[in-house]
Amino acid sequence: MDVLPLLVVNLVSVVDAFLLGMKQVAESTRAEMLDEDIETVSCPQCGREVDPGLGFCHWCTTRLDEPIDD
């Protein structure tokens, strides 16, 4: 009987984590649907799509505000 409260707390924790995960997926899906019109930026070095707010390419670490030497 001493283990029962621990099992209940663990079960509630698992259910809570699952519900939070489902909420996060729903919010990100909704955000993606609203962000379809946002301008995309490509890295001048590797050509992959990057987040313009970062200031660098998270794929190849090239800074986006510096010109690239050819």
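Strands, as named in these legends, are DSSP runs of E with at least two residues, numbered from the N terminus.

**View 1. The whole chain runs α-β-β along its sequence.** Welcome to the overview of this predicted model. The secondary structure amounts to 1 helix and 2 strands. Of the 70 residues in the chain, buried ones make up 6%. The accessible surface is about 6300 Å², and carbon and sulfur atoms hold 59% of that area. If you like contact maps, here is a number to keep in mind: among contacts between residues at least 6 apart in sequence, 3% join residues at least 24 apart.

**View 2. Confidence reaches its highest mean in helix α1.** The mean pLDDT in α1 is 91, while strand β1 (residues 41-42) has the lowest, at 86. Over the chain the average pLDDT is 85, and 86% of the residues score at least 70. A friendly reminder for anyone about to zoom in: where pLDDT is low, predicted coordinates should not be read in detail.

**View 3. A nonpolar patch lies on the surface, formed by L11, V15, F18, L19 and M22.** Together these five side chains belong to residues with about 520 Å² of accessible area. Take L19 as a guide to the patch: this leucine is found in helix α1, which covers residues 4-34. Is L19 buried or exposed? L19 counts as exposed, because its relative accessibility is 52% and the exposed class begins over 50%.

**View 4. C46 and C57 are not joined by a disulfide, since their sulfur atoms are too far apart for a bond.** How far is the sulfur of C46 from the closest cysteine sulfur? The distance is 3.7 Å, to C57, whereas a disulfide needs the two sulfur atoms within 2.5 Å. Seen from C57, the closest cysteine sulfur is likewise the one in C46, at 3.7 Å. The count of disulfides by this rule is therefore 0. The two cysteines also have their own surroundings: C46 counts as partly exposed, at 35% relative accessibility, and C57 counts as buried, at 0%.

**View 5. T61 has a positive phi although this residue is not glycine.** Its phi angle is near 65°. Where does T61 lie? Look in the segment after β2, the strand at 49-50. T61 counts as exposed, because its relative accessibility is 60%.

Methods: Residues are numbered from 1 along each chain as its sequence is written. This is a predicted model: local features need pLDDT of at least 70, side-chain atom pairs count only at pLDDT 80 or more; totals for chains, interfaces and linings use all residues. Side-chain values use heavy atoms; hydrogens and water are left out. Patches are made of residues with over 30% relative accessible area and no salt bridge: like charges are joined within 9 Å, nonpolar side chains (Val, Leu, Ile, Met, Phe, Trp, Tyr) within 5 Å. Accessible areas come from the Shrake-Rupley method with a 1.4 Å probe; for residues, only the protein chains shown count as cover. A salt bridge is a side-chain nitrogen of Lys or Arg within 4 Å of a carboxyl oxygen of Asp or Glu. Helices (H or I, at least four residues) and strands (E, at least two) are DSSP runs, numbered from the N terminus. Buried means under 20% relative accessible area, exposed over 50%, partly exposed in between (1.4 Å probe, protein chains only). Contact means heavy atoms within 4.5 Å. pLDDT is the predictor's confidence in each residue, from 0 to 100.
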